Amino acid sequence: MPRHSNARHQHIIASAIDVIAEYGIVEFTFNKVSRQAGVSAALIVHYFGSKEALLEAAFRSVVRQLNNQATVRLGLAAGSRARIEALVDSHLGHNEYAEDSARIWLSFWGQALHVPQLARVQRAHQKRMLSNLKFDLRQLVDARDVLPMADTIAAMIDGVWLRAAMNGGGALQNGLARDLIFDFIERNLGSPRPSPVASHFDTINPATGQLLATIRIDGQAEVDNAVGRAADAQKLWAKTPGVERGRVLHRAAALLVERNETLARLETQDTGKPIQETIAVDVLSGADCIEYYAGLARTIAGEHHDLGTGAFGYSRREPLGVVAGIGAWNYPIQIACWKSAPALACGNAMIFKPAELTPLTAIELEKAYHDAGLPDGLFQVVQGKADTGRLLSLHPGIAKVSLTGEVGTGKKVMVDAAGTLKYVTFELGGKSALIVFGDADLDEAVSGALLANFYSAGEVCTNGTRVFVHKDVRDAFLAKLKARTEAMVIGDPLDPATQMGALISRAHMEKVLRYIALGQQQGATLMTGGKRVINGNLAQGSFVEPTIFTGCTDEMAIVREEIFGPVMAVLDFEDEAEVIARANNTDFGLAAGIFTNNLPRAHRVIAALEAGTCWINTYNITPIEMPFGGNKQSGLGRENGKAAIEHYTQLKSVYVAMEPIDAPY
């Protein structure tokens, strides 16, 4: 088919889809398609011959779009179970379909019961979905269970569409359906196939690819032993006056400051972050946290309640016991301090598992606590991957789990913790909004956007990666942003002049690069960056240029999904109410920021944003004195500030009678 004919052919198919979206299949006619396409009905008959053939071509186009999205999401998933969940999500989750496209899909799904041509396309689509499910299920369950489980998951997906179609294209209850399917997967997928249990893992310098250390994995016996030691130490620590606990923590903070240069260098080697960041922020912010809770330790108390002359009451704040901290790889030592400092100040013991990608500085923190005089067993580090973390969340001797990590990990920990009704605190993912109003100081706003996207190579959970810029200042903002971004220094993380270092691993780098490619495929404009950096010795590491996309729309994957890399999406807006609604249109709610010189607007917009940590005319500043955490799927509970004390203590109420009991018996 000549190129111009093929283009006209595709234009007619697109017009047919538009007609179905507006009128439905029942009222679908060649005349309506011809008016929509701006061509004669005779030409449509020439290309397609019959109404059924045109419907089949349109259905194939819709299916192809869905399959392409599924392919992308499968490529981003790590592991068989994650691939199964990604396949479900691509069909029922936040896919790339607008509401009109969803109605089209429902229309086809209903008509496939009656039109043979559509049924053929439907069967081919189902066969492809089953093939993907069976491939990954073979890695997870007994061979006899593969086909029944694949059929069941596919039927649950198909059932949602079919029910909606039978209801006349009503609202698709995809959220509930996804939860039910994921629950089915959780209950029926056993452990992966038996395989030799690894006893060690390697930690690699992401800037050079070189081996830093080989770490022993702690299993059930090691975790049981750690919990036992912690429980013994905690009993005595709980009886230690708060002022004495504070003195030990003060000494630990001082030791971190004293060892800052050595620890910062180790943190840089383990994470790939620039030394100018780790020496100024990572270690010292951890020390600041310990020092803050050292001061609070002596103030932890309950309340007195006057109940009249006959009685009074009081409450006691008591430690939980042995608690667990599970860290993330982007701020290893800071996160270890954020979790351990309030826990220890409140009289608890903590067992901390760092991320397997960054296991080294937690070991040094344990040494600092020991050298400061913390009793043996009160703070212990266990090493391992997800299985070791799960031993902590399942352990009956642990009273609480505090996790920093991904949303999916948080949900799994919550399920495990429910078995023993553990307390949980979660700081999870984010896709935060940064809003630049027309009256903002643009130089300040650009500074904020750079900090909100490229600090720590974009590997910051609170990052404001959705940058909404008012259309009146968009061009001026982008000009300043582009110039300053392209002037950033990417290089050896141990060089003090380097402003952006390596991503955490080669696998994560490849994931970020796939998102960049996906952004271009979905129509965003790449303004700058977007490539791997392979200059000289950097070719051995995982470096990606700071990347800015313009021309973005809210439904794009780079706008909706957390990338955790140096990728900024810039979006236009015109109206305050509009941008608030768009900023809140996300499952996440970790952070948000605005730039404006209009004081009433600043407080009005911040009050309307659904996020737990917000900034006005700055970004990513997290003083220890202020509570930190997220709303919606970005977390539960709070870290830092006095609020953290509530999450590491439990209240005991005591009623004291001052008069004889007036018993009626």
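**Entry 1: I326**

I began with I326 and asked whether this residue is buried or exposed. In this predicted model, I326 has a relative accessible area of 8%, and I therefore recorded it as buried, since the cut-off for that word is under 20%. I then looked up its place in the fold and found I326 in strand 5, which covers residues 322–326.

Next I asked which residues I326 touches, leaving aside those up to four places away in sequence. I listed K339, F352, K353, G389, L392, V401, S402, L403 and T404. For one of these, V401, I also looked up the spacing: the C-alpha atoms of I326 and V401 are separated by 7.4 Å, although the two residues are 75 apart along the chain.

**Entry 2: a sheet of three strands**

I turned to an open sheet and asked in what order its three strands stand. The order is 3-4-20, and the pairing is antiparallel. I noted that strand 3 (304–306) and strand 20 (649–657) are at the edges; each has a single partner strand, so one side of each lacks a neighbour in the sheet. From one strand to the next, I found an average twist of 20°.

I then followed the pairing of strand 3 with strand 4, the latter formed by residues 311–319. These two strands run in the antiparallel sense and are joined over three bridges. For D306, I found the bridge partner in strand 4 to be F312.

**Entry 3: helix 22 and helix 23**

I looked up how helix 22 (residues 576–584) meets helix 23 (residues 599–608). Their axes come within 10 Å and cross at roughly 35°. I recorded the crossing as right-handed.

Which residues make this contact? From helix 22 I noted E576, I580 and N584, and from helix 23 I noted R601, R604, V605 and A608. By type, the residues of this contact comprise three nonpolar, one polar and three charged.

**Entry 4: confidence**

Finally, I checked how far the model may be relied upon. The mean pLDDT of the protein is 90, and 92% of its residues reach 70 or more. I also asked where pLDDT stays under 50, and found residues 94–98. For that stretch the model has 16 contacts beyond four places in sequence. Residues 191–196 likewise have pLDDT below 50, with five contacts in the model beyond near neighbours in sequence. I made a reminder that predicted coordinates should not be read in detail where pLDDT is low.

Definitions and conventions: Residues are numbered from 1 along each chain as its sequence is written. This is a predicted model: local features need pLDDT of at least 70, side-chain atom pairs count only at pLDDT 80 or more; totals for chains, interfaces and linings use all residues. Side-chain values use heavy atoms; hydrogens and water are left out. pLDDT is the predictor's confidence in each residue, from 0 to 100. Contact means heavy atoms within 4.5 Å. Axes are lines fitted to C-alpha atoms, for helices over the stretch in contact, and angles run from 0 to 180 degrees between N-to-C directions. Helices (H or I, at least four residues) and strands (E, at least two) are DSSP runs, numbered from the N terminus. A crossing is left-handed if the near helix is turned anticlockwise from the far one by less than a right angle, and right-handed if clockwise. Ala, Val, Leu, Ile, Met, Phe, Trp, Tyr, Cys and Pro count as nonpolar, Asp, Glu, Lys and Arg as charged, and the others, Gly among them, as polar. Two strands pair if DSSP finds at least two bridges between them. Buried means under 20% relative accessible area, exposed over 50%, partly exposed in between (1.4 Å probe, protein chains only).
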